Amino acid sequence: MTFPAPRRWFAALAWLPGQGARRDVLIEADGDRFTSVTPGAQAPPDVTRLRGLTLPGFANAHSHAFHRALRSTTQADRGTFWTWRERMYDVAARLDPDSYRRLARAVFAEMALAGVSCVGEFHYLHHQPGGHPYDDPNAMGRALIEAAAEAGLRITLLDTCYLAGGLSADGPLPLAGPQLRFGDGDAVRWAARVTDLGCDEHGMISPHAQAGAAIHSVRAVPREQMHPIVAWAHRFGAPLHAHMSEQRAENEACQAVYGMSPTRLLYEQDVLGPRTTVVHATHVDDGDLALLGGCQTFACLCPTTERDLGDGLAPAQALAAASCPLTLGSDSHAVIDLLEEARGVEYAERLGREARGHFTAAALLRAATSAGHASLGWPDAGEIAPGAHADLVTLSLDSVRTAGTADGLALEAAVFAATAADVRDVVIGGRDVVREGAHLLVPDVPAELSRSIRAVLG
Ligand SMILES: [Zn+2]
């Protein structure tokens with residue numbers, strides 16, 4: 001990867017750590033890092049001007065890229081969770097490394113247009129239909145890494161261990177049908193395959209990509225298989241993610257088989273900790289909250305997916321109060337809009353408690369930026385500050401949604417009124433990726449989405 005030359009931007013309004021939204025901010029970068037940030041500055045000549053509100057890049061902390069092909073189709077006939085899952089398996093059965101690279105490139109380009117500078121791709125579609133590995137057993141993961149590079153994003157490939165087809169009262173069920181593509185046999189073989197991705201001792205695969213680990217869920221990874229995954233994550237200092245307690249049925253099965261909640265099971269297997277993210281955490285009780293918070297585990301909320309699937313309301317404020325940093329993901333990509341996810345956290349809390357006023361706009365933006373990046377293993381991203389990755393997202397404040405916003409309320413307008421359609425300019429690692437709402441690396445994102453989705457829907 002070649003790094004861009006030193007660059008300077010002049011932001012009319014920029015959100016700076018600990019300072020709120022400041023006017024006239026001169027932002028300088030060398031290569032892929034910010035070198036200086038000066039509010040109240042004079043605009044030098046020949047500087048790139050950023051109108052509107054400039055934020056750090058967004059982290060989409062939980063994505064399954066191929067689910068984008070299901071958008072709208074799963075809404076037909078008032079589909080249930082299970083019809084949704086059947087359609088998801090249909091698409092999963094048709095992808096190969098080439099079609100997945102094209103689809104993911106378009107999906108990641110859509111993310112860039114929405115201001116996402118880094119994606120956490122929770123990746124479990126590893127092998128050929130039937131479960132036989134490709135010549136390169138990591139061909140699918142490499143397709144995702146390539147797709148992110150082509151779309152201009154950084155990626156954490158959360159390579160997911162998925163060994164069982166479910167958890168019944170009698171124990172784990174074998175993989176069947178389309179699920180055979182997900183399985184490595186056991187966690188030791190999973191670890192050997194992931195190590196073959198070729199990351200360095202810090203988990204870096206290339207400057208834009210790092211490896212992370214994921215336990216699909218307590219439904220898909222039996223208790224005795226968890227330790228090799230945890231050990232792999234420790235060896236590389238890598239992030240470790242797991243779906244957890246998204247639906248009550250998982251809690252009930254876990255209770256029946258292991259006699260404890262999914263949270264306690266993960267705690268007892270040393271899965272929880274400050275490099276770990278639990279995704280959803282929808283159905284957790286006070287005992288679970290104490291374990292999660294005591295370990296400073298990240299909680300990734302995906303409000304648009306959780307409401308789409310009818311999962312329930314995650315106890316967002318209780319998680320935050322228990323010391324779980326919150327992050328955001330677009331998960332199934334019912335929509336890709338991190339601002340919608342951010343306000344969804346507050347709105348779900350308001351509906352659940354029948355009261356307003358739980359999170360500030362700044363707290364929700366931290367979930368979308370610094371906390372999200374940290375949960376993906378990029379703690380030096382997600383803030384406009386010297387030394388951080390040079391990622392910028394500029395939202396227009398003169399669209400039909402945002403016009404009339406006072407400077408002092410720009411963060412509130414961003415979180416509660418703006419949408420992904422208000423993202424005008426995106427800089428990732430010092431490089432322009434989106435300019436005036438147009439992706440500079442993928443010229444026609446809607447056409448690429450349409451082509452690549454038609455190819456996998458048949
Ligand atoms: Zn998910």
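Student: Which loop does Ser261 lie in, between which helices?

Tutor: This is a predicted model, so keep that in mind throughout. Start from the two helices that flank Ser261, which are α6 (248-258) and α7 (262-268). Residue Ser261 belongs to neither, as it sits in the loop between α6 and α7.

Student: Is Ser261 buried or exposed?

Tutor: Buried means under 20% relative accessible area. Ser261 has 15% relative accessibility, so it counts as buried.

Student: Which residues touch Ser261, leaving aside neighbours within four places in sequence?

Tutor: Distance along the chain is a separate matter from contact. Take Val218: it is 43 residues from Ser261 along the chain, and their C-alpha atoms are separated by 9.7 Å. The contacts of Ser261 are Cys254, Gln255 and Asp288.

Student: Let us step back. How many helices and strands does the protein chain have?

Tutor: Both kinds of element occur in the chain. The count is 15 helices and 19 strands.

Student: What radius of gyration does the protein chain have, against that of a compact globule?

Tutor: The chain has 458 residues, and a compact globule of that length would come near 23 Å. The C-alpha atoms fill a box of roughly 70 × 50 × 45 Å along the principal axes. The radius of gyration agrees with the globule value, because the chain has 21 Å.

Student: What share of contacts joins residues at least 24 apart?

Tutor: The count takes contacts between residues at least 6 apart in sequence. Of these, the share joining residues at least 24 apart is 73%.

Student: What percentage of the residues count as buried?

Tutor: The accessible surface comes to about 17100 Å², and 51% of it belongs to carbon and sulfur atoms. Of the 458 residues, the buried portion is 60%.

Student: How far apart do the centres of the positive and negative side chains lie?

Tutor: There are 39 positive and 54 negative side chains. The centres of these two sets lie apart by 4 Å.

Student: Which residues touch the most other members of the largest nonpolar core?

Tutor: In soluble globular proteins, nonpolar side chains tend to be buried together. Here the largest nonpolar core holds 136 residues. Its largest share, nine residues, comes from helix α2 (residues 97-113). The members touching the most others are Phe66, Tyr100, Phe108 and Trp232.

Student: How many residues are in the other core?

Tutor: This core lies apart from the largest one. Its members include Ala14, Ile27, Ala388 and Leu392. Its size is 15 residues.

Student: Which strand does Val119 lie in?

Tutor: Val119 is buried, with a relative accessible area of 0%. Its contacts beyond four places in sequence include Phe108, Met111, Leu153 and Ile155. Phe108 in turn also touches Ala65, Leu144 and Ala147, among others. The strand that holds Val119 is β6 (residues 116-123).

Student: How far apart in space are Val119 and Leu163?

Tutor: Along the sequence they are 44 residues apart. From C-alpha to C-alpha, the separation is 24 Å.

Student: What C-alpha distance separates Pro228 and Ala187?

Tutor: Pro228 is in helix α5 (residues 226-236). It touches Ala187 and Val188, not counting residues up to four places away in sequence. Pro228 and Ala187 are 41 residues apart along the chain, yet their C-alpha atoms are separated by 5.9 Å.

Student: Is Asp46 buried or exposed?

Tutor: Most residues other than glycine have a negative phi. Asp46 has a positive phi of about 60° although it is not a glycine. Its place is the loop between β3 (33-38) and β4 (48-56). With 82% relative accessibility, Asp46 counts as exposed.

Student: What is the relative accessibility of His280?

Tutor: His280 has a positive phi too, of about 90°. This residue is found in strand β13 (residues 276-280). His280 counts as buried because its relative accessibility is 0%.

Student: Which residues does Arg343 touch, not counting those up to four places away?

Tutor: Arg343 lies in helix α11 (residues 338-353). It counts as buried, at 7% relative accessibility. The residues it touches are Ala414, Val415, Phe416, Ala417, Ala418 and Thr419.

How values were computed. Residues numbered from 1 in each chain as written. Predicted model: local features only at pLDDT ≥ 70, side-chain atom pairs only at ≥ 80, totals over all residues. Heavy atoms only, no water. Helix = DSSP H or I, 4+ residues; strand = E, 2+ residues; numbered from the N terminus. Rg over C-alpha atoms; globule rule 2.2 N^0.38 Å. Buried < 20%, exposed > 50% of the residue type's maximum accessible area, 1.4 Å probe, protein only. Contact = heavy atoms within 4.5 Å. Areas by Shrake-Rupley, 256 points an atom, 1.4 Å probe, with all protein chains shown as cover. Lys, Arg positive; Asp, Glu negative; His and termini not counted. Charge placed at Lys NZ, Arg CZ, Asp CG, Glu CD. Core = buried A, V, L, I, M, F, W, Y, C linked by side-chain atoms within 4.5 Å.
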